Amino acid sequence: MMNRIFSRCPQRISLLCQYSTCNRNSTLNISKSNIALKSINPVRHSSHGIIPPLPALTLGASGLIPFFAPPLYMIYNNWIFCSDGEFMHLAYSASILSFLGGVRWGLTLPTGAKELPNWRNLTYSVTPSLLAWTGVLLHCPLGYVPITVGLLGAGVIDVVWAGYPPWFKILRTILTVGALTSIGLLFHVKYKTDKSLGVTASIQGFKNKYYDWKNGNGPST
């Protein structure tokens, strides 16, 4: 009986050694794969690159469309100012400004975050929302005063303050310039023309211009 037990021991020890070797090789292969992925695309796996990640770049650029849609629509529609389009632009600007404050708040939430949830960070986080709310209450055109100040101030603070990676600061600069440019373009249309329509009449004028173009006629005046 004892001889049978001892005769099986070498086989079991050999199997254990093989299992241990396989585990060690699998771990090494996984580590090498991770290192290879990071070496192929170091910017994607690093928060210190200057190129924004594709999702952030795509969504950020898409976020400029509602900024430029109202003024470009008015320019295309024979420079006819649309008061409803102005309020749409104001409301969207306010919503984006409120979102910017939440970015700083979220930066302080992870365990071990470098930025602490102190008075400085959290006070700044709620300020854009208050400016946006004030802008909506004041309506157009006075509402653009706190909103423009908020967009510009948030952009400067996010670029100057620590805590954000370089790619985020570059993206914030581009988007802030785009948002402020759209506000300037809207006011340029507003004070350049003496024609102003509500949204219904404005859309009808847009349709007329489209049909004139489709039928090969000159632009309607």
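Trainee: Which residue forms a salt bridge with Lys190, and how far apart are the closest N and O atoms?

Mentor: A good place to start! This is a predicted model, and in it Lys190 pairs with Glu86, with the closest N and O atoms 2.9 Å apart. The pair links distant parts of the chain: Lys190 belongs to helix H7 and Glu86 to helix H4, 104 residues apart.

Trainee: Are these two residues buried or exposed?

Mentor: The idea is to compare the relative accessible area with a cut-off: under 20% means buried. Lys190 has 18%, so it counts as buried, and Glu86 is buried at 5%.

Trainee: How many salt bridges does a search of the whole structure find?

Mentor: The search finds 3. Another one joins Glu115 to Arg104, where the closest N and O atoms are 3.0 Å apart. Glu115 sits in the loop between H4 and H5, while Arg104 is in helix H4, 11 residues away in the chain. Both Glu115 and Arg104 are buried.

Trainee: And which residue does Arg172 pair with?

Mentor: Arg172 forms its salt bridge with Asp158, with 2.9 Å between the closest N and O atoms. Here helix H7 supplies Arg172 and helix H6 supplies Asp158, 14 residues apart. Arg172 is buried at 7% relative accessibility, and Asp158 is buried at 1%.

Trainee: Let us turn to helices. Which residues of H3 are buried?

Mentor: A general idea helps first: an α-helix has 3.6 residues a turn, so residues three or four places apart point the same way. In H3, the buried residues are Phe67, Pro70, Pro71 and Met74. Seen down the axis of H3, they fall within an arc of 90°, so they line one face of the helix.

Trainee: What do the buried residues of H3 pack against?

Mentor: They pack against E1, helix H4 and helix H7. As for the helix itself, H3 has 12 residues and reaches 15 Å from its first C-alpha to its last, close to the 16 Å expected at 1.5 Å a residue.

Trainee: Now for the backbone. Where is there a positive phi just after H3?

Mentor: The background is that most residues other than glycine have a negative phi, and most peptide bonds are trans. Just after H3, Asn78 has a positive phi of about 60°. Trp79, also not a glycine, has a positive phi near 55°. Trp79 lies in the loop between helix H3 and strand E1, and it is partly exposed at 29% relative accessible area.

Trainee: What is the phi of His139, and where does this residue lie?

Mentor: His139 has a positive phi of about 65° although it is not a glycine. You can find His139 in the loop between H5 and H6, partly exposed with a relative accessible area of 40%. That loop also holds Pro141, and a cis peptide bond joins Cys140 and Pro141, with omega about -5°.

Trainee: Finally, the surface. Which residues form the nonpolar patch?

Mentor: Look for Trp105, Leu109, Val126, Leu130, Trp133 and Leu137, which together have about 670 Å² of accessible area. H5 gives the largest share, 4 residues. Val126, in helix H5, is partly exposed at 38% relative accessible area.

Trainee: Which residues is Arg120 in contact with, leaving aside its neighbours within four places in sequence?

Mentor: Arg120 touches Arg104 and Trp161. Arg120 also lies in helix H5, and at 47% relative accessibility it counts as partly exposed. Arg104 is the residue you met earlier in a salt bridge with Glu115.

How values were computed:
Residues are numbered from 1 along each chain as its sequence is written. This is a predicted model: local features need pLDDT of at least 70, side-chain atom pairs count only at pLDDT 80 or more; totals for chains, interfaces and linings use all residues. Side-chain values use heavy atoms; hydrogens and water are left out. Helices (H or I, at least four residues) and strands (E, at least two) are DSSP runs, numbered from the N terminus. Buried means under 20% relative accessible area, exposed over 50%, partly exposed in between (1.4 Å probe, protein chains only). The expected span of a helix is 1.5 Å times one less than its number of residues. The arc is that of the directions from the helix axis to the C-beta atoms. Contact means heavy atoms within 4.5 Å. Patches are made of residues with over 30% relative accessible area and no salt bridge: like charges are joined within 9 Å, nonpolar side chains (Val, Leu, Ile, Met, Phe, Trp, Tyr) within 5 Å. Accessible areas come from the Shrake-Rupley method with a 1.4 Å probe; for residues, only the protein chains shown count as cover. A salt bridge is a side-chain nitrogen of Lys or Arg within 4 Å of a carboxyl oxygen of Asp or Glu.
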